[in-house]
Amino acid sequence: MYDAKNISVSGAPAGGLVSLMSYGFITSSSTSYSFAVPTVGTASERYTAYAVSGSTVYYGQTTGSSISMTSSAGYSVKGEVKDSDGNIFSGTVSFIKDDGNTFIFAADEDGKFDVTLPAGT
């Protein structure tokens, strides 16, 4: 059993689905923007909050207990996950923005992903 800490997120689009992610952890909510997260590893685990409304991406990060989201024009990124032999498989796709925000998504069973990311990612 792991201890948990709470992370509150502000600045999300009204009624929007907000995802909170870190390597090995992702959760989402459209009703409450306060998340209980495991404290596995170090106390400085970095978490990124992410939401999309129309063509706008909302995001922010913390190693603490709160995130104030900022917004940016969103850009569509599509692709397939393949191994070194060219075989398609489902898996996790990570994108790291120039400011350190890390966006983590799952590819579908056909290895495809279609995400909206802020510029600089």
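1. The structure, a predicted model, holds three salt bridges. Side chains of opposite charge can pair when their charged atoms come close. The three pairs are taken one by one below, before the note turns to the sheet and the cores.

2. Start with Glu-80 and Lys-82. These residues form a salt bridge in which the closest N and O atoms are 3.8 Å apart. Glu-80 has a relative accessible area of 36% and is therefore partly exposed. Lys-82 is partly exposed as well, because its relative accessible area is 46%.

3. Glu-80 has another partner, Lys-112. Here the side chains meet at 3.9 Å, N to O. This pair links distant parts of the chain, since Lys-112 is in strand E11 and Glu-80 is in strand E8 (residues 70-80), 32 residues apart. Lys-112 counts as partly exposed because its relative accessibility is 43%. Glu-80, Lys-82 and Lys-112 are thus linked in a network of salt bridges.

4. The remaining pair to describe is Asp-98 with Lys-97. Their side chains meet in a salt bridge with an N to O distance of 3.1 Å. Which of the two classes, buried or exposed, fits Asp-98? Asp-98 counts as exposed, because its relative accessibility is 62% and the cut-off for exposed is over 50%. Lys-97, in contrast, has a relative accessible area of 10% and is buried, because buried means under 20%. A student should note that this salt bridge joins an exposed residue to a buried one.

5. Next comes a sheet. Three strands form an open sheet in the order E4-E1-E7, and the pairing is mixed. E4 and E7 stand at the edges with a single partner strand each, so one side of each has no neighbour in the sheet. From one strand to the next, the twist averages 25°.

6. The word "mixed" can be checked pair by pair. Strands of a sheet pair through backbone hydrogen bonds, either parallel or antiparallel. Strand E1 (residues 4-10) pairs with strand E4 (residues 34-38) in the antiparallel sense, over five bridges. One place to look is Lys-5, whose bridge partner in E4 is Val-37. E1 and strand E7 (residues 66-68) run parallel and are joined by three bridges. In E7, Ile-67 stands opposite Val-9, and Ser-68 is the bridge partner of Ser-10.

7. What does the largest nonpolar core contain? This core has 14 residues, and the members that touch the most other members are Tyr-50, Val-93, Phe-95, Phe-103, Phe-105 and Leu-117. Strands E6 (56-62), E9 (92-96), E10 (102-106) and E11 (112-118) each supply at least two residues of the core. A second, separate core has 13 residues, including Val-18, Phe-25, Tyr-47 and Ile-67. Ile-67 has already appeared in the sheet, opposite Val-9. In soluble globular proteins, nonpolar side chains tend to be buried together.

8. Leu-117 is worth a look by itself. Leu-117 lies in strand E11 and counts as buried because its relative accessibility is 3%. Which residues does Leu-117 touch, not counting those up to four places away in sequence? They are Val-57, Ala-73, Gly-74, Tyr-75, Val-77, Phe-95, Phe-103 and Phe-105. Among these contacts, Phe-95, Phe-103 and Phe-105 are also named with Leu-117 as core members that touch the most others. Gly-74 is 43 residues from Leu-117 along the chain, yet their C-alpha atoms are separated by 5.2 Å.

9. The last residue is Thr-102, which lies in strand E10. Thr-102 is buried, because its relative accessible area of 13% falls under the 20% cut-off. Where does the side chain of Thr-102 reach a backbone oxygen? It reaches that of Gly-100, at 3.2 Å. Not counting residues up to four places away in sequence, Thr-102 touches Met-21, Tyr-23, Thr-48, Phe-95 and Ile-96. Phe-95 also appears among the contacts of Leu-117.

Key. Residues numbered from 1 in each chain as written. Predicted model: local features only at pLDDT ≥ 70, side-chain atom pairs only at ≥ 80, totals over all residues. Heavy atoms only, no water. Pairing = 2+ DSSP bridges. Helix = DSSP H or I, 4+ residues; strand = E, 2+ residues; numbered from the N terminus. Core = buried A, V, L, I, M, F, W, Y, C linked by side-chain atoms within 4.5 Å. Buried < 20%, exposed > 50% of the residue type's maximum accessible area, 1.4 Å probe, protein only. Contact = heavy atoms within 4.5 Å. Salt bridge = Lys/Arg side-chain N within 4 Å of Asp/Glu carboxyl O. Polar contact = N/O pair within 3.5 Å; in protein donor to acceptor, adjacent residues only side chain to side chain. Axes fitted to C-alpha atoms, helices over the stretch in contact; angles between N-to-C directions.
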